[in-house]
Amino acid sequence: MSDNKQWFSLNLNSIKKKSSGSCSCGKTSGGCGSHSKDQISDEEFDTAVDATIGSERKKDGFDQVFDVQMDRRTAFRKLTASLLIGAGAVSTSCSVTTGEDSKEKAQIDWEEQFKGNYKLMTDAEKKGTVDRLVRSYQLRTGKTIHMTSENAEEDVLFGYAFNISKCQGYMDCVNACIEENNQDRNSQMQYIRIHEMKDGEGFKFDEADDNYYHEVPAEGHFYMGTQCFHCDNPPCVEVCPVQATWREKDGLVVIDYDWCVGCRYCMAACPYDGRRFNWSTPEVPEKEINKNQHYLGNRMRKKGVMEKCTFCVQRSRKGQNPACVDACPTGARIFGNLLDPNSTIRWVLENKKVFRLKEDLGTEPKFWYFMD
Amino acid sequence: MNYRITYISGYLLLFMLLFVSCKHNGEEYHSLTDKIKHKSQNYHKTQISSEKYLEDKELIKITEGEHTFLIPERKGKIKSYACIECHSKPLDQMQNSAEYKKAHWDIKLVHATKDMMDCMTCHNGNNMNKLTSLTGKEIDFNRSYKLCSQCHTSQFDDWKGGAHGKKIVGWAPPRASMTCVNCHNPHNPSFKKRWPARFNTQVVKERKDELE
């Protein structure tokens, strides 16, 4: 590719030929000075390279995805696919023959398709999208869910502490989390992992077992839970190319599932394996769905988006504990407001010997570990 | 002339730096602990409260040291309270009487050793409605943590501060914490071995596929 463009254009077969007879000055014959007899054309150069390197010349990641040779028909089909969705929505909503319900459904789909980033929405817009999602669910399933969009409260910064001498490895937290947050049952997605570590060998996450099945606590082992640490300096937020994930005022790192493009950069950037990807459409049996939802929390996700622990935003912003904290029978999990000098989490940070994982990375997790 | 300009501009620069460098640069903090410390200086109550979750719960307010918080009421939860409905006489008289019956046969004491503890270490033989301290003082069933704290002092300190034990409903004030006997059976207080609540078969499959 000889042209030095900063932007990307679809490579339809016909356009490429253009360059052979012209140059950057725009004239098609003689005079601009950039042509000389012994300069080879792009095509000649390409064939020469192919002849020497041949199949070894591989395209890099970006080109593999975007520089795909496709015939005109496929290209147009792909381009118009999303337009058709919109057009379909318009035609249904304008048609006299379709029912009221499908018209409303189409109207909702249309508005949801073109809504903005949640981070930039006003409170009225947030309420709008929440109402649409609730109505859409009602139209599709006949069931009513309760969804909210509470914002971060002033003077609140959420923090978490985990007592590694109390955890017995029962994994009740994992089950509670899955039920609370409507995680995909097919892929058995779980935000929390409990690592079974050998006593006296330090934290060796590569040797620890996070999927044990025997009586616990096992002799000579201790247990340590990891999940999203809601870093105050989150690397996952830095790398998101579309700003679909961000840190809220109360410290929660959240995702707008409708804005996420599924590139999984955040998954690669997270040093704690805190993020999960929906490789397939998440499925939860209707009667198991937790209908108390938050836009940024446990509402139903779709295929191809990221999700993770939100410290149960649907609960914590109402004053409740995350589901894992309430489910833990040993009291190993402590949650609270870091800005309240009288909170129990503050007492733990000030009076126990606390540490965080990979502190030297500067990610500033708001998740501390401590011992009795 | 040239010197003068250099001096003046030098002083000006220093003067400006004095103001610029000392200013807190908005959200920028050296560390998270600095941020927490600074932001909590002017902390005044949040709007969020857990009062509505506590409404239907019977709680009592306790003050221990500098900590004041709520714990669940206990006496109403004990199935056969009040104890004096059966234990109408002091215990030594009942044991020696003709109608002696073995009571509480289902309770087996698995707490410390037999040399160290028996029923009477905690229960008050003269007034079965009360517990007893090591020095023979009466302790109310609602404040049974006072009994436990005689031996388990470090756990008591952690519990008061909030590092040991669970909250009843939420993180938001007012603080309502569970008391010792809400998680530990006083006659058999340790946590037991059991199977984990979950086993992820998908993870097993994925890891096996990765190896192949």
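**Chain B fold and a helix pair in chain A**

Visitor: In chain B, what share of contacts between residues at least 6 apart in sequence joins residues at least 24 apart?

Guide: This is a predicted model, in which local features need pLDDT of at least 70, side-chain atom pairs count only at pLDDT 80 or more, and totals for chains, interfaces and linings use all residues. Residues are numbered from 1 along each chain as its sequence is written, with chains lettered from A and ligands numbered from 1 in the order in which they are written. Two residues are in contact if their C-beta atoms, placed from the backbone, lie within 7 Å. For chain B, the share joining residues at least 24 apart is 52%.

Visitor: Why is chain B described as more spread out than a compact globule?

Guide: Chain B has nine helices and four strands (DSSP runs of H or I, at least four residues, and of E, at least two, numbered from the N terminus). For its 212 residues the globule rule (2.2 Å times the number of residues to the power 0.38, for a radius of gyration over C-alpha atoms) gives 17 Å. Chain B is more spread out because its radius of gyration is well over that, at 30 Å.

Visitor: Which residues of helix 6 of chain A meet helix 5 of chain A?

Guide: Helix 5 (residues 100–113) of chain A contributes A:Asp101, A:Glu104, A:Lys105, A:Ile108, A:Glu111 and A:Glu112. The residues of this contact divide into two nonpolar, one polar and seven charged (Ala, Val, Leu, Ile, Met, Phe, Trp, Tyr, Cys and Pro count as nonpolar, Asp, Glu, Lys and Arg as charged, the others, Gly among them, as polar). From helix 6 of chain A come A:Arg132, A:Arg135, A:Ser136 and A:Leu139.
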